[in-house]
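Visitor: I would like to learn how to read a fold from its model. Can we take the features one at a time?

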Amino acid sequence: MPQQFIHEIRAFNRFYTNLIGALDYSRHLYLPYTLTESRVLYELAHREEPEAADLRAELGIDAGYLSRLLAKFEKDGLVERAPSPRDPRRQRITLTPRGREASELQEERSREAVGVLLSKVPAAERPRLTEAMRTVRTVLSDARPTKAAQVRLREPGPGDLGWMVMRNAALYAAEYGWNADYEGLVARIVADFAEDHDPHLERVWIAELDGIPVGSVMCVRDDAPGTARLRLLLVEPDARGHGIGDRLVAAVIGFAREQGYRELVLWTNDVLEAARRIYLRHGFVLTAEKPHRSFGRDLVGQDWRLSLHAAPG
């Protein structure tokens, strides 16, 4: 291996660990947890039915060290441990309400720290910085042994709605050449939801892959009585192939049925072939098409509908 590659990676590691305060993580975030403890706490909060064996495999932590760490969490009232219902030989770890509070505080402090870091970067340079980090993560992930991806749908947190606007604009500009008119449309849709929505009848989902936001979708009330509208389905290119689009659409359909909507509608464009295939799989029917000039392109808009009276197949 050429030594200059090794030198550059080691230099980057030293620079970044110092930048994020990894060597004194608890002081850096004003939290009583080391970097390893914080990472375990994060995994416990973002996994469905986490088990100790899965944590060891994911984080590469020595079994004895992880056991001592979990014992400390248990003593502090952050977690409860019990045999897994699937396999009594395995140990399931559950966050207590106090553990949830600690995780939420850690998430808040982490977001604040990254916000302070990004505030020092010129706005024009932030997309380049985040894309470079995405490239580093993707390239190095390709070099790791493959493992089952962890997909999770959750409600949006602080900054997620802004992320939806940014990623919709960037992705459709890159893949279809759409101009800033589309970003303006998405920004208005998201702003309307943020400012005034009924949480019992309208909802947004954020999809995470291994803890990273990679997709989103929205369910809002339509003007027609008894009708809900699916909006802004998005899945990042490097996250496709994990069934995330199907899970997001299924979540909207299930929510709309539970809330008593009679029909679910959506508007899309014929160039979005992958999304249209998802809609077809879930029973949507194409009801109208109309050419239009939008977002700097000649497009064919499509209206799709799904009756919610029938029981799910």
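Guide: Start at a loop in this predicted model. Phe 295 lies in the loop between β8 and β9.

Visitor: What is the sign of phi at Phe 295, which is not a glycine?

Guide: The general idea comes first. Most residues other than glycine have a negative phi. Now the case here. Phe 295 has a positive phi of about 60°. The loop belongs to a hairpin: β8 and β9 form it, with two residues between them, and Phe 295 sits in the turn.

Visitor: Is Phe 295 buried or exposed?

Guide: Phe 295 counts as buried, because its relative accessibility is 9% and the cut-off for buried is under 20%.

Visitor: Which other residue has a positive phi although it is not a glycine?

Guide: Leu 232 is such a case, with a phi of about 55°. Its setting is a strand, β6. Leu 232 has 11% relative accessibility, so it counts as buried.

Visitor: Back to the hairpin. How many bridges join β8 to β9?

Guide: A general point helps. Strands of a sheet pair through backbone hydrogen bonds, either parallel or antiparallel. Here β8 and β9 run antiparallel, and nine bridges join them. For one residue pair, take Val 285: its bridge partner in β9 is Arg 305.

Visitor: Which strand pairs with β9 over seven bridges?

Guide: That is β7, residues 263-269. β9 covers residues 297-307, and the sense is again antiparallel. Two residue pairs let you find the register on screen. Glu 263 stands opposite Ser 307 in β9. Leu 266 has Trp 304 in β9 as its bridge partner.

Visitor: What is the order of the strands in the whole sheet?

Guide: Read across the sheet, not along the chain. The order is β3-β4-β5-β6-β7-β9-β8. That makes an open sheet of seven strands, with mixed pairing.

Visitor: Which strands are the edge strands?

Guide: An edge strand here pairs on one side only. The two are β3 (151-154) and β8 (285-294). Neighbouring strands of the sheet are turned by 20° against each other on average, direction ignored.

Visitor: Which helices pack on the sheet, and what do they touch?

Guide: Look at α8 and α9. Helix α8, residues 160-176, packs on the sheet and touches β3, β4 (203-209), β5 (212-221), β6 (227-235) and β9. The direction of α8 makes about 65° with that of β6. Helix α9, residues 180-195, also packs on the sheet. Its strand contacts are β4, β5 and β6, and its direction makes about 125° with that of β6.

Visitor: Where in the structure is Asp 181 found, and how accessible is it?

Guide: Asp 181 is found in helix α9. Asp 181 counts as partly exposed, because its relative accessibility is 49%. Sequence spacing and spatial distance can be read together. Asp 181 and Glu 108 are 73 residues apart in sequence and 33 Å apart in space, C-alpha to C-alpha.

Visitor: Now the pockets. How much space lies in the second largest pocket?

Guide: About 720 Å³. Its lining has 38 residues. Nearest its centre lie Tyr 172, Leu 233, Leu 272, Ala 275 and Tyr 279.

Visitor: Which elements give two or more residues to that lining?

Guide: They are α8, α9, β6, α10 (244-258), β7 and α11 (273-281). By class, the lining has 23 nonpolar, seven polar and eight charged residues.

Visitor: What can you say about Ala 274?

Guide: Ala 274 lies in helix α11. With a relative accessible area of 46%, Ala 274 is partly exposed. Its C-alpha atom is separated by 10.0 Å from that of Arg 240, 34 residues apart along the chain.

Visitor: To finish, how many helices and strands does the protein chain have?

Guide: The chain has 11 helices and nine strands. Its C-alpha trace spans about 60 × 50 × 40 Å along the principal axes. Of its 313 residues, 35% count as buried. Among contacts between residues at least 6 apart in sequence, 60% join residues at least 24 apart.

Methods
Residues numbered from 1 in each chain as written. Predicted model: local features only at pLDDT ≥ 70, side-chain atom pairs only at ≥ 80, totals over all residues. Heavy atoms only, no water. Pairing = 2+ DSSP bridges. Helix = DSSP H or I, 4+ residues; strand = E, 2+ residues; numbered from the N terminus. Axes fitted to C-alpha atoms, helices over the stretch in contact; angles between N-to-C directions. Contact = heavy atoms within 4.5 Å. 1 Å grid on protein atoms, 1.4 Å probe; cavity = no way out; pocket = protein on both sides within 12 Å on 5 of 7 lines; lining within 4 Å. Points joined across faces, edges and corners; volume = space filled by probe spheres on them. Nonpolar A, V, L, I, M, F, W, Y, C, P; charged D, E, K, R; others polar. Buried < 20%, exposed > 50% of the residue type's maximum accessible area, 1.4 Å probe, protein only.
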